[in-house]
Amino acid sequence: MLELFKHIDIFNDKVFAVIGITLGDSIKYRALVLEKNKENLSIVKSFAVGDFDEIKKEIKTNVPIILNFSGKGIISKKTRANGNYIKEVLFNGNPDDFYIYTVFQNAHNFVSICRKEVIDEQIHKFEKTKYKTIDYSIGPYVACLGKSMFKEDVLRLDDGELIFANGNITDHVRRTKESLVVKYKVGNNNLDGNEIVLLSSLLNNLYPSDIIDYDNELLSANLNDQKLKKVFDYCSVGTLALFLLTLLGSYMLLGHYNEKYVEYEKGLYHFNDNYSQIKKMEEDLINKRFIVENSGVLNKNFISFYINEIASSVPEGILLGNLKVNPLLKKVKGSEPISIGTNIILIEGETNNSFYLNQWVKKLKTKPWTNKIEILNLNKVDRNADLFSLKINIK
C-alpha cells in the first residue's frame with residue numbers, strides 16, 4: 001500500500017499514529033494509524049471518536065504521536081506573501097501568546113494560529129497518559145505537501161475546501177453546511193480530505209519542508225526521548241550479543257594468543273621505544289598549538305569572523321545596508337564612559353520578499369555562535385521592498 005511512500009522510516013518504529021483534534025464545545029478526534037513493514041507503509045486503521053478514552057483503547061502508548069489541530073479557536077487565513085503578514089492574522093494580538101503555523105506559497109502565505117494554552121493543554125493530556133507527542137501541525141494548509149498523492153485540484157474538508165493550482169494552494173473556501181464526504185485515491189487506499197491532512201502532517205515530520213514555518217522546537221525533547229529509547233533498546237540487545245560473541249571468540253582464540261605471546265614480547269620493546277618518541281612529538285605539538293591558539297589567529301571572536309560569517313550567508317533577495325558588531329549603546333558625550341553593547345550584532349537591510357528574510361534567519365540560527373535572533377523591525381517601503389532590522393545575541 002501507498003507505494004509513493006516506500007523507504008520511510010520513523011525511528012525504526014513499526015507503528016505510529018497521526019491524530020486530528022477538532023476543538024470545540026466537545027472535542028472530536030480523528031486518527032490515522034500506520035504500520036511500516038520492510039519497505040512498505042500501510043494504513044492499519046482510521047477512526048473517529050469523541051471520547052479520549054477510546055484513543056487509549058485503540059492506540060498503544062509506545063506509538064509515537066503527531067497531532068493536527070483544527071476547529072474552534074483555530075484561525076486560518078490567506079495573507080500577502082510579503083510585508084508583516086502576521087499582523088493580518090493577529091491584528092493587535094501579541095505573537096508570543098500564539099503558536100503560528102505558516103505555509104509559504106508563490107503568491108500568498110497561508111497562516112493558521114492558535115493560543116498556546118489551548119495546544120499545550122491538549123499535548124499535556126496526551127503526555128499525562130504516557131504518550132510521546134513528537135510533532136504537530138495547525139490548520140489544513142499542511143495538505144500542500146500531500147498534493148502529489150491525488151489528482152484533483154479541490155481538497156474537500158469538514159469545514160471547507162482547499163483550492164490548488166500547479167501543486168500550490170491558491171485559496172481556502174470555508175463552508176458552514178456539511179456536505180458529502182469525498183474520497184480520494186491514494187495508492188491502494190481511499191482517503192478523505194481530513195485524512196490527507198493527517199498524512200501530510202506525518203510527511204512534514206519525516207521530510208521537513210522549507211515552505212513551512214512553525215515552532216518545531218516545541219516537542220524536540222519528546223522526539224529526542226523517542227530516539228534515545230530506541231537507541232537504548234537496540235544497544236542493550238547489541239551489547240549483550242557482543243558480549244557473548246566476545247566471550248566465545250576469546251575462548252576460541254586463547255590458544256592462538258598463547259602462541260603469539262613470545263612474538264609480542266619481542267615487539268613490545270620496540271613499541272615502547274617508538275611510543276616514547278611519539279609522546280615527545282605529541283607534547284611538542286600541544287605546545288605549538290597552544291602558541292597558535294593564544295596568538296589569536298584562530299580566535300573566532302574577531303569582528304572579522306562574524307562579518308564574514310554573516311556576509312557569506314546572505315541569500316539572494318536580501319540587500320544588507322548596515323552591520324554593527326558590539327555597537328555603541330548611546331552617543332559618546334564629553335568625558336562620559338563609552339557604553340558598548342557586547343555580544344550584540346545589529347543588521348539593517350531590505351528584501352523584496354519576507355520569505356527570504358525568514359529563511360536567512362533560520363540559517364543564522366544554526367550557527368554555533370548565535371544565541372538569540374530578534375526581528376526588530378519589518379516595514380514596507382514600496383511595493384517591491386521591505387526594510388528590516390535584526391538583533392543577534394552572540395554566545
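In the predicted model, L248 lies in helix α5, which covers residues 220-294. This leucine is partly exposed, with a relative accessible area of 48%. L248 belongs to a nonpolar patch on the surface, in which it is joined by Y251, M252, L253 and Y257. Together, these five residues offer about 590 Å² of accessible area. In general, an α-helix has 3.6 residues a turn, so residues three or four places apart point the same way.

The protein chain as a whole contains seven helices and 18 strands. Of its 395 residues, 38% count as buried. The chain exposes about 23900 Å², and carbon and sulfur atoms supply 54% of this surface. Among contacts with a separation of 6 or more, 64% are made by residues 24 or more positions apart.

Helix α4 comprises residues 193-206, a run of 14 residues. From its first C-alpha to its last, α4 reaches 20 Å, close to the 20 Å expected at 1.5 Å a residue. The helix is mostly covered, since 14 of its 14 residues are buried. At the start of α4, a side-chain oxygen of D192 comes to within 3.1 Å of the backbone nitrogen of N194.

D192 also takes part in a salt bridge with R30, with a distance of 3.1 Å from N to O. The pair links distant parts of the chain, as D192 belongs to strand β13 (residues 189-192) and R30 to strand β2 (residues 28-37), 162 residues apart. The two partners fall into separate classes of accessibility: D192 counts as buried because its relative accessibility is 7%, under the 20% limit, whereas R30, at 21%, counts as partly exposed. The connection extends to a third residue, for R30, D158 and D192 are linked in a network of salt bridges.

In total, the structure holds 14 salt bridges. Another of them brings together the side chains of K45 and E58, at 2.8 Å from N to O. K45 lies in strand β3 (residues 40-49) and E58 in helix α1 (residues 52-58), so this pair ties together parts that are 13 residues apart in sequence. K45 is partly exposed at 27% relative accessibility, and E58 is likewise partly exposed, with a relative accessible area of 37%.

A further salt bridge joins E309 and K367, whose closest N and O atoms are 3.7 Å apart. E309 is located in helix α6 (residues 303-313), while K367 is found in the loop between α7 (354-365) and β17 (370-382); the pair therefore ties together parts that are 58 residues apart in sequence. Both E309 and K367 are buried.

The loop between α3 (116-128) and β8 (133-138) contains T129. With a relative accessibility of 18%, T129 counts as buried, because this value is under the 20% limit. The side chain of T129 reaches the backbone oxygen of K125 at 3.3 Å. A polar atom of this threonine side chain also lies 2.9 Å from the backbone oxygen of F126. Beyond the residues up to four places away in sequence, T129 touches F52, K56 and T61.

Terms used
Residues numbered from 1 in each chain as written. Predicted model: local features only at pLDDT ≥ 70, side-chain atom pairs only at ≥ 80, totals over all residues. Heavy atoms only, no water. Helix = DSSP H or I, 4+ residues; strand = E, 2+ residues; numbered from the N terminus. Expected span 1.5 Å × (residues − 1). Buried < 20%, exposed > 50% of the residue type's maximum accessible area, 1.4 Å probe, protein only. Polar contact = N/O pair within 3.5 Å; in protein donor to acceptor, adjacent residues only side chain to side chain. Contact = heavy atoms within 4.5 Å. Areas by Shrake-Rupley, 256 points an atom, 1.4 Å probe, with all protein chains shown as cover. Patch = residues over 30% accessible without salt bridge, like charges linked within 9 Å, V, L, I, M, F, W, Y side chains within 5 Å. Salt bridge = Lys/Arg side-chain N within 4 Å of Asp/Glu carboxyl O.
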